[in-house]
Amino acid sequence: MYKPNTLKDIALELGLSVSTVSRALSDNYQISEYTKRKVKERANKMNYVPNPFAVSLKVSRSFSIGVVIPSIRNTFYAQAINGIESVAYSKGYHVVICQSHHSAVREAESIGHLKEKKVDGVLMALAAGSHNLSHIKQYTDGGDPLVFFNCIADLSMAECVVADNKKIAAEAAEEFISQGCRKVYIIASVAHAKIVQDRVSGFRDAWIASRLDADDINTHYCGTGEQMLYSLAVILADAQKESRLPDTVFGLCEETTLAILQIVNKLSLTNAVKVAGFNNSEISPFINPPPTLFRQPAFQIGKTAAEKLIYAIENPDKKYSLCKKTIIASEKTTINN
């Protein structure tokens with residue numbers, strides 16, 4: 001009868017204690033990199049598979065992490081979750097995913113649900129509707145680790161991982177200017193979101209640095225979902241009627257970019273305005289004329305956020321900066337000019 005190898009078997013093979021082997025496999029900071037590597041190599045050779053139930057009983061952890069995102073339909077979040085899972089599963093953690101659909105109420109309910117399920121920590125991208133963050137503060141005040149990614153709170157309650165949003169938006173402005181664009185509509189969801197503020201300011205700074213008039217940038221906050229589609233249709237229909245259409249309509253996230261494409265097509269403006277925006281999907285080959293899209297390093301953002309969360313979970317006594325912001329650099333972002 002097949003008998004799986006245990007921590008004790010690995011320890012006997014290497015002449016180490018069982019506790020040292022256990023800490024090495026969980027990347028404990030007290031164990032040297034040399035020992036970690038040696039233990040992991042031996043564990044792989046011996047086809048060691050941890051028993052999550054036994055381990056969780058021993059260390060009072062569930063070996064699961066929660067992820068709260070606005071929507072799994074957003075390609076950015078789908079790719080970020082791939083990055084999160086690449087880290088989580090390699091370290092023996094399961095991932096529980098909740099969607100807020102940009103609702104602050106659903107976001108708070110998700111946090112409560114994950115708390116009840118005794119996840120070891122939470123990764124979160126804030127909903128557009130989140131203003132009062134008391135539900136998050138209550139979670140972190142209880143000593144539970146939380147890391148923001150992408151849509152973050154400008155608070156000291158948790159560490160955060162983001163793209164270089166100002167830089168990407170500045171690159172977009174420079175590209176539009178080089179193509180002769182002199183009038184832009186920026187379309188965003190809500191004004192209070194940190195990611196929106198950073199992208200708007202990055203775009204405006206680059207525009208003004210090129211000695212162009214800031215008044216030629218019009219920023220419109222259109223909400224989410226059906227409200228966004230309705231507001232955007234009104235804005236562009238009015239501009240069309242009054243012969244003041246912009247050169248480019250620029251979406252600050254995937255949802256707004258897709259909404260722009262939908263309304264521009266509906267109003268037969270495809271040859272009148274250029275469409276550009278943040279979007280990680282592969283839609284351009286199917287659209288004529290193709291939009292200009294700017295990618296974010298979604299996988300790397302998710303991967304880095306997961307690494308930071310699991311480090312906090314496994315090293316509760318180790319000091320680290322809760323308010324630290326990690327910026328993930330992007331490569332050249334523009335596709336389909």
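**Exercise 1.** At what angle do helix 1 and helix 2 pack, and how far apart are their axes? Then classify the packing.

*Solution.* The model is predicted.
- Step 1: locate the pair. Helix 1 covers residues 7-14, and helix 2 covers residues 18-25.
- Step 2: read the geometry. The angle is about 105°, and the axes lie 8 Å apart.
- Step 3: classify. Angles of 65 to 115 degrees count as roughly perpendicular, so helix 1 is roughly perpendicular to helix 2.
- Step 4: list the residues that meet. Helix 1 supplies Leu7, Lys8, Ile10 and Ala11. Helix 2 supplies Val18, Val21, Ser22 and Leu25.

**Exercise 2.** Place Asp213 in the fold and decide whether Asp213 is buried, partly exposed or exposed.

*Solution.*
- Step 1: find the element. Asp213 sits in the loop that runs between helix 9 (194-209) and strand 7 (217-221).
- Step 2: take the accessibility. The relative value for Asp213 is 42%.
- Step 3: apply the cut-offs. Buried means under 20% and exposed means over 50%. Asp213 therefore counts as partly exposed.
- Step 4: check a partner. Arg182 is 31 residues away along the chain, with 8.6 Å between its C-alpha atom and that of Asp213.

**Exercise 3.** Describe the whole protein: its secondary structure, burial, contacts and charge.

*Solution.*
- Step 1: count elements. There are 12 helices and 12 strands.
- Step 2: gauge burial. Of 337 residues, 49% count as buried.
- Step 3: sort the contacts. Among those between residues at least 6 apart in sequence, 70% join residues at least 24 apart.
- Step 4: tally charges. The protein carries 38 positive and 34 negative side chains; the centres of the two sets are 6 Å apart.

Note on methods: Residues are numbered from 1 along each chain as its sequence is written. This is a predicted model: local features need pLDDT of at least 70, side-chain atom pairs count only at pLDDT 80 or more; totals for chains, interfaces and linings use all residues. Side-chain values use heavy atoms; hydrogens and water are left out. Helices (H or I, at least four residues) and strands (E, at least two) are DSSP runs, numbered from the N terminus. Buried means under 20% relative accessible area, exposed over 50%, partly exposed in between (1.4 Å probe, protein chains only). Contact means heavy atoms within 4.5 Å. Lys and Arg count as positive and Asp and Glu as negative; His and the chain ends are not counted. The place of a charge is taken as NZ of Lys, CZ of Arg, CG of Asp or CD of Glu. Axes are lines fitted to C-alpha atoms, for helices over the stretch in contact, and angles run from 0 to 180 degrees between N-to-C directions. Angles under 35 degrees count as roughly parallel, over 145 as roughly antiparallel, 65 to 115 as roughly perpendicular and the rest as oblique.
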